[in-house]
Amino acid sequence: MEFRRLKNPMKNIVLIGMPGAGKSTVGVILAKKRGMHFIDTDVVLQKKSGRLLQEIIDGEGPGAFLKREEEMILSLHSRDAVIATGGSVVFSGRAMEHLKRDGVVIYLKISFEEMERRLKNITTRGIVLPVGESLRDMYNRRVPLYEKYADITIDCSDNGFETVVEKAAGALRT
């Protein structure tokens, strides 16, 4: 577990990480534990568009999906919330700066092998995977971005959700 001291007091907790890292599940538990609101940006995007994530990706392409995701993130003005983001949010510097402005970013880190093991529904899950890009390529392209934006990194491989929540809560108190 690694963390950096924050310059400003925290208002939101923003969870980033690979598909399958547990952002939504950890987010719900963490929000309950801390008495905060919970926002799942994938759900918000689906509600705003009236379509499933995979339908947007298949119908409009990965680039259009990333643009929609960025616009939706920029429209969020939440306080006192745990925000579980889509795994591709880190492709937008604007979106990440917007999220960091009002909160602390926690990277839920998993190994490639763990991600591959957890992803059972890759073709329907709504993962931005451009044509010709393998899961390994996606993993290798995203890791440096997660590391760049993270204030706190928590290794989630081989840990249950409750353990991850306890690690996050502990890191936030530090």
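Colleague: Is F112 buried or exposed?

Modeller: F112 is buried, with a relative accessible area of 9%. Buried here means under 20% relative accessible area, exposed means over 50%, and partly exposed is in between, using a 1.4 Å probe and protein chains only. Keep in mind that this is a predicted model, where local features need pLDDT of at least 70, side-chain atom pairs count only at pLDDT 80 or more, and totals for chains, interfaces and linings use all residues. Residues are numbered from 1 along each chain as its sequence is written, and side-chain values use heavy atoms, with hydrogens and water left out.

Colleague: OK. How many aromatic pairs are there in the whole structure?

Modeller: Two turn up in a search of the whole structure. In one of them, the ring centres of F112 and Y139 are 5.7 Å apart and the planes sit at 80°, so that pair is edge-to-face. The rule: rings of Phe, Tyr and Trp (its six-membered ring) pair if their centres lie within 6.5 Å, with planes under 30 degrees apart called stacked, over 60 edge-to-face and the rest tilted.

Colleague: And which helices does that pair tie together?

Modeller: F112 is in helix α6 (residues 112-118) and Y139 is in helix α7, so the contact links parts 27 residues apart in sequence. Helices (H or I, at least four residues) and strands (E, at least two) are DSSP runs, numbered from the N terminus. Y139 counts as buried too, at 11% relative accessibility.

Colleague: What sits over the ring of F112?

Modeller: The charged end of R136, 3.9 Å from the ring centre. To count, NZ of Lys or CZ of Arg has to be within 6 Å of the ring centre and within 35 degrees of the ring normal.

Colleague: Switching to α5: which residues are buried there?

Modeller: In α5 (residues 93-101), they are A95, M96, H98 and L99. They span an arc of only 160° around the axis, which puts them on the same side of α5. That arc is taken from the directions from the helix axis to the C-beta atoms. R94 and R101, on the other side of α5, are exposed.

Colleague: What covers the buried side of α5?

Modeller: The cover includes β2 (12-17), α4 (62-75), β4 (81-84), β5 (103-109) and α7 (135-149), where contact means heavy atoms within 4.5 Å.

Colleague: Which strands does β2 pair with?

Modeller: β2 runs parallel to β5, with six bridges, and parallel to β4, with three. Strands pair if DSSP finds at least two bridges between them. G17 has L108 in β5 as its bridge partner, while I13 stands opposite V82 in β4.
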